[in-house]
Amino acid sequence: MALHRDIFWVGRQWAVTGAGIQAVDQRLRGVLDIEIARLWDDDLVGSRRAKPGVNAGDFDKALTVARERFPQSPSADPIVAQLEALGVIDAPVVSAVVPAMKLRAEGRLARFLPQWRIRR
């Protein structure tokens, strides 16, 4: 998998991106990548660090930067936590299943808004 377009830190072997921690070597095809929602899963982090060929110092630095960039949220749903970390959700979450959404139509051209038609 290619690196995410938002890159916050790049080391020798690891990068902190908008998707979490990703291996810089693209031949691995995302096998060792860690998503934002699983950054705080110590078992997963320990298993990735124990893999042969992993630069432990670079991995620890990437983990530190990623945990500072994406702090652990109290919400139990990992999808909502990832959306909050990326800044997609700006309204408070009413339900853990469906995030609250706002309709914003001000300042937009009317021809690009969805049209409602009533048939008789």
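How many residues does the hairpin that joins E1 to E2 run through? Three. That hairpin opens the set of close-ups below, all drawn from a predicted model.

**Figure 1. The whole chain, four strands and three helices.** Here's the overview before we zoom in. Going along the sequence, the pattern reads β-β-β-β-α-α-α. Of the 120 residues in the protein, 26% are buried. If you look at contacts with a separation of 6 or more, 36% of them are between residues 24 or more positions apart. A search for salt bridges over the whole structure turns up three.

**Figure 2. The E1–E2 hairpin, with its two strands running antiparallel.** Strand E1 covers residues 7–10, and strand E2 covers 14–17. Three bridges hold the pairing between them, and the connection is a hairpin of three residues. Two cross-strand partners are worth picking out: Ile7 sits opposite Thr17 of E2, and Val10 sits opposite Ala15 of E2.

**Figure 3. E2 meets its other partner, E3.** E3 takes in residues 20–23. This pair is antiparallel too, with four bridges joining E2 to E3, and a hairpin makes the link through two residues. Ala15 turns up again here, standing opposite Gln22 in E3.

**Figure 4. E2 is covered on both faces.** Which residues of E2 are buried on each side? Trp14 and Val16 are on one side, while Ala15 and Thr17 are on the other, and all four are buried. Trp14 and Val16 are also among the residues with the most contacts inside the largest nonpolar core.

**Figure 5. The largest nonpolar core, 18 residues in all.** The residues with the most contacts inside this core are Trp14, Val16, Ile21, Ile34, Leu39, Phe59 and Ala62. Two strands and two helices each give two or more residues to the core: E2, E3, H1 (42–49) and H2 (56–69). H2 gives the largest share, with five residues.

**Figure 6. Ile21 and the residues around it.** Skip the neighbours within four places in sequence, and Ile21 is in contact with Trp14, Ala15, Asp33, Ile34, Leu39, Ala62, Leu63 and Ala66. Several names on that list come back from the core view, including Trp14, Ile34, Leu39 and Ala62. Ala62, Leu63 and Ala66 are buried residues of H2.

**Figure 7. Helix H2 and its buried side.** H2 has 14 residues, and the distance from its first C-alpha to its last is 20 Å, close to the 20 Å expected at 1.5 Å a residue. Its buried residues are Asp58, Phe59, Ala62, Leu63, Val65 and Ala66. Why look at the spacing of those numbers? In an α-helix there are 3.6 residues a turn, so residues three or four places apart point the same way. The buried residues of H2 pack against E1, E2, E3, E4 (34–35) and H1.

**Figure 8. Arg48, buried without a salt bridge.** This arginine belongs to helix H1. Which side chain of opposite charge is nearest to Arg48? That would be Glu35, 6.0 Å away. A salt bridge calls for a nitrogen within 4 Å of a carboxyl oxygen, so a pair at a distance like that doesn't count as one. Not counting residues up to four places away in sequence, Arg48 touches Val31, Leu32, Asp33, Ile34, Val54 and Phe59.

**Figure 9. Asp60 and Arg49, a salt bridge between helices.** The closest N and O atoms of this pair are 2.7 Å apart. Because Asp60 is in H2 and Arg49 is in H1, the pair ties together parts that are eleven residues apart in sequence. Both partners count as partly exposed: Asp60 has a relative accessible area of 31%, and Arg49 comes in at 34%.

**Figure 10. Arg67 and Asp42, a salt bridge between distant parts of the chain.** The side chains meet at 3.4 Å, N to O. Arg67 is in H2 and Asp42 is in H1, 25 residues apart. Arg67 is partly exposed at 21% relative accessibility, whereas Asp42 is exposed at 55%.

**Figure 11. Arg38 and Asp41, another salt bridge.** Their side chains meet at 3.4 Å, N to O. Arg38 is partly exposed, with a relative accessible area of 37%, and Asp41 is partly exposed at 28%.

Conventions: Residues numbered from 1 in each chain as written. Predicted model: local features only at pLDDT ≥ 70, side-chain atom pairs only at ≥ 80, totals over all residues. Heavy atoms only, no water. Core = buried A, V, L, I, M, F, W, Y, C linked by side-chain atoms within 4.5 Å. Buried < 20%, exposed > 50% of the residue type's maximum accessible area, 1.4 Å probe, protein only. Contact = heavy atoms within 4.5 Å. Expected span 1.5 Å × (residues − 1). Pairing = 2+ DSSP bridges. Lys, Arg positive; Asp, Glu negative; His and termini not counted.
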